[in-house]
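Opened the model today and kept notes as I went. Plan: overall build, then strands, then side chains.

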Amino acid sequence: MAFVSEQWLLFSIVIVLVAVLLFIESKKGGKALTYHQATRLVNSGEGVILDVREKKDFSAGHIVDAIHIPYAKVADRLSELEKHKAKTIIVVDKMGQHAAAASKTLRDAGWNASRLAGGMAEWQAQNLPVVK
């Protein structure tokens with residue numbers, strides 16, 4: 001605490017820089033949709049779920065009708081999403097760590113992509129249905 005009180009200006013600058021970094025990183029990932037918004041898009045036919053988790057996690061439980069492409073292969077397998085080009089691609093991962101990057105890859109390639117806020121952890125915390 002002595003450092004903070006003696007170097008308050010330096011400490012304040014660090015806090016501001018961290019906040020700016022977090023803001024910039026969150027914008028790179030695009031819009032985060034709540035599970036309500038995602039469900040509404042899928043049910044209306046305007047959205048499709050893309051699960052970018054590893055196969056073992058996907059097999060353990062995923063959102064109904066989700067398309068599975070592991071995060072490391074998204075850029076190589078964009079052609080599999082071509083028939084959904086007019087829809088919003090809702091990217092889902094475990095807790096949000098890869099969804100932002102996958103969403104950016106999709107947007108850079110011309111898709112309308114968003115990510116599910118909180119990932120599958122939030123989906124399951126809300127007791128929403130999953131299939132195995």
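Started with contacts, keeping in mind that this is a predicted model. Of the contacts between residues at least 6 apart in sequence, 66% join residues at least 24 apart.

Next I looked up the secondary structure. I found six helices and five strands, and along the sequence they follow the pattern α-α-β-α-β-α-β-β-α-β-α. The radius of gyration came out at 18 Å, well over the 14 Å that the globule rule gives for 132 residues, so the protein is more spread out than a compact globule. I also checked the spans of the C-alpha trace along its principal axes, and they are about 60 × 35 × 25 Å.

Then surface and burial. I got about 8,100 Å² exposed, with carbon and sulfur atoms supplying 60% of it. Buried residues make up 33% of the 132.

Which strand residues did I find buried? I went to β2, residues 47–51, where five of the five are buried, so the strand is largely enclosed by the rest of the structure. I checked its two faces separately: Gly-47, Ile-49 and Asp-51 are buried on one side, Val-48 and Leu-50 on the other.

Looked up the neighbours of β2 as well. It runs parallel to β4 (residues 88–92), joined by five bridges, and there Gly-47 has Thr-88 as its bridge partner. β3 (residues 67–68) is also parallel to β2, with two bridges; Leu-50 partners Ile-67 in that strand.

Last, the rings. I searched for aromatic pairs and got zero. I did find the charged end of Lys-85 over the ring of Trp-111, 3.8 Å from the ring centre.

Notes: Residues numbered from 1 in each chain as written. Predicted model: local features only at pLDDT ≥ 70, side-chain atom pairs only at ≥ 80, totals over all residues. Heavy atoms only, no water. Buried < 20%, exposed > 50% of the residue type's maximum accessible area, 1.4 Å probe, protein only. Helix = DSSP H or I, 4+ residues; strand = E, 2+ residues; numbered from the N terminus. Pairing = 2+ DSSP bridges. Phe/Tyr/Trp six-rings, centres within 6.5 Å; stacked < 30°, edge-to-face > 60°. Lys NZ or Arg CZ within 6 Å of the ring centre and 35° of its normal. Rg over C-alpha atoms; globule rule 2.2 N^0.38 Å. Contact = heavy atoms within 4.5 Å. Areas by Shrake-Rupley, 256 points an atom, 1.4 Å probe, with all protein chains shown as cover.
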